[in-house]
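Open the model in your viewer and keep the selection tool at hand. The tour goes stop by stop: select, look, move on.

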Amino acid sequence: MIYLDNAATTQPSKRALDVYTQAQQALFFNSESLHIGGEQVRDALRNAREYIQQYFQTQQTCLFGTSGSHANQIAIDLYLKDVTSGEVWVSPYEHPSIAAALDAYDTHITVRTIPMLENGELDLDAFQTALTIDTVLIIAQHVNSETGYILPIPALTQIAEARHIPLHVDGVQAVHKVKPLDLNGVTSYSFSGHKFHGTKGTGILLIDYAYIHPLREHYFHEEGVRNGTIDVPSILATVQALSEDVDDTHLTQLHQHASQRAQTLGYRALSYDTQAPHILGLLTSKFEGQYVMQSLSNRNICISTGTACGHGILLSEGVTQKINALQGEVHQYIRLSFSALTTLEDIDACFDALRRMDG
């Protein structure tokens with residue numbers, strides 16, 4: 001099988017799997033238990049938190065959830081649980097988990113979308129003009145999961161800091177793909193290990209301590225923001241994956257090669273001024289994206305036509321705008337996404353199959 005859907009999930013690395021298996025065997029205790037087994041697990045979790053803080057060079061509190069989506073939900077609940085009114089601004093590129101978390105507040109919170117330029121990039125001037133004293137939160141992805149667009153987080157940070165507005169950044173597609181973000185001024189940042197060769201089951205939220213408070217009367221885990229026994233093996237596997245070396249040039253080479261092969265077939269890339277190298281959004285030249293995806297799947301080649309959490313068909317407003325700017329149609333969209341395990345031969349096999357399909 002040729003796997004080109006790494007933005008959905010990645011294959012765990014051997015070392016991450018080894019750590020996971022060892023932890024399942026040796027650190028199976030409940031982190032809340034008061035005996036020596038619980039103490040051992042708490043020590044392991046404390047070391048994991050400290051490593052993550054060191055990696056991102058931050059003193060923000062490190063909280064563990066069950067997924068990137070869960071980490072986003074925790075952050076939004078911490079910001080909005082006690083807010084009685086106001087506006088939340090979100091980028092037009094957000095993951096469905098953001099809308100899902102905000103839905104609980106739709107009776108008293110107004111959600112607004114950060115304006116875009118015609119080319120699909122954020123219009124920061126228009127955004128600053130539209131902000132009001134009623135704004136209580138800004139939310140933006142670090143890297144868009146559909147196109148690889150690197151959103152202008154430093155500029156958004158400056159805007160948020162100047163107006164004393166908290167800023168939550170969804171970094172799920174950024175870690176190990178682009179340079180780690182300077183979290184100064186970013187009040188919270190979420191990510192998930194299974195996107196960079198860790199195991200599923202863990203989401204991480206880095207957040208300023210000032211925003212942390214118990215969310216429910218009966219929540220007893222992670223500073224009172226969640227229930228459920230902590231998945232220590234997945235957390236330690238995530239830390240292992242985070243610690244592994246990254247080849248900065250490999251993903252770039254894959255992206256460039258795939259872009260060249262796509263161009264020869266008449267496919268058009270959804271490109272931005274700042275772009276992560278592991279995602280290539282394309283508009284097909286002949287067949288609908290769903291047909292292309294299914295035809296490749298029949299040949300044991302995996303790509304996608306949208307985020308997996310949207311059942312592969314949900315496109316963000318930002319991507320739709322970008323497609324319209326290219327005078328394309330949303331049904332033409334497909335996404336290829338790469339990892340450290342992807343090879344140039346994988347890319348060639350995919351586009352050779354596409355060439356045969358196009359006749």
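**Stop 1: helices α1 and α7**

Start by selecting R15, A16, V19, Y20, A23 and Q24 in α1, which meet P233, S234, L236, A237 and Q240 in α7. By class, this contact of α1 with α7 holds 7 nonpolar, 3 polar and 1 charged residues. Bear in mind that this is a predicted model.

Now show both helices whole: α1 spans residues 14-26 and α7 spans residues 232-243. Their axes lie 8 Å apart, and the packing angle is about 150°. That makes the two helices, α1 and α7, roughly antiparallel, since angles over 145 degrees count as such. Turn the view to look through the pair: the crossing of α1 and α7 is right-handed.

**Stop 2: helices α8 and α11**

Next, select residues 248-264 for α8 and residues 344-358 for α11. How do their axes cross, and within what distance do they come? The axes cross at roughly 15° and come within 10 Å. Angles under 35 degrees count as roughly parallel, and α8 and α11 are therefore roughly parallel to each other. The crossing of α8 and α11 is right-handed.

Show side chains here. From α8, pick Q253, L254, H257, A258, R261 and A262. From α11, pick L344, I347, D348, F351, D352 and R355. These residues make the contact. The contact of α8 with α11 divides into 6 nonpolar, 2 polar and 4 charged residues.

**Stop 3: a sheet of three strands**

Switch to cartoon. Find the open sheet of 3 strands, in the order β9-β10-β12. The pairing is antiparallel. Which strands stand at the edges? They are β9 (268-269) and β12 (333-337). Each has a single partner strand, so one side of each is left without a neighbour in the sheet.

Zoom in on β9 and strand β10 (residues 279-283). The two run antiparallel and are joined by 2 bridges. Label R268, and then L283 in β10, which stands opposite.

**Stop 4: strand β2**

Select residues 61-65, strand β2. Is β2 largely enclosed or left open? Of its 5 residues, 5 are buried, so β2 is largely enclosed by the rest of the structure. In a regular strand, side chains alternate between the two faces of the sheet. Check the directions in β2: T61, L63 and G65 point one way, C62 and F64 the other way, and all are buried.

Add strand β8, residues 203-207. Strands β2 and β8 run antiparallel, with 5 bridges joining them. Label L63 in β2 and L205 in β8, which stand opposite each other.

**Stop 5: two positive phi angles**

Most residues other than glycine have a negative phi. Two residues to select here go the other way.

Begin with Q57, in the loop between α2 (36-56) and β2. Its phi is positive, about 50°, although Q57 is not a glycine. Is Q57 buried or exposed? Q57 is exposed, with a relative accessible area of 73%, and the exposed class begins over 50%.

Then go to H176, in the loop between β6 (167-170) and β7 (188-192). H176 is not a glycine either, yet its phi is positive at about 70°. Now turn on the surface. H176 has a relative accessible area of 14%. Buried means under 20%, so H176 is buried.

Key: Residues numbered from 1 in each chain as written. Predicted model: local features only at pLDDT ≥ 70, side-chain atom pairs only at ≥ 80, totals over all residues. Heavy atoms only, no water. Axes fitted to C-alpha atoms, helices over the stretch in contact; angles between N-to-C directions. Helix = DSSP H or I, 4+ residues; strand = E, 2+ residues; numbered from the N terminus. Parallel < 35°, antiparallel > 145°, perpendicular 65-115°, else oblique. Left-handed = near helix turned anticlockwise from the far one by under 90°. Contact = heavy atoms within 4.5 Å. Nonpolar A, V, L, I, M, F, W, Y, C, P; charged D, E, K, R; others polar. Pairing = 2+ DSSP bridges. Buried < 20%, exposed > 50% of the residue type's maximum accessible area, 1.4 Å probe, protein only.
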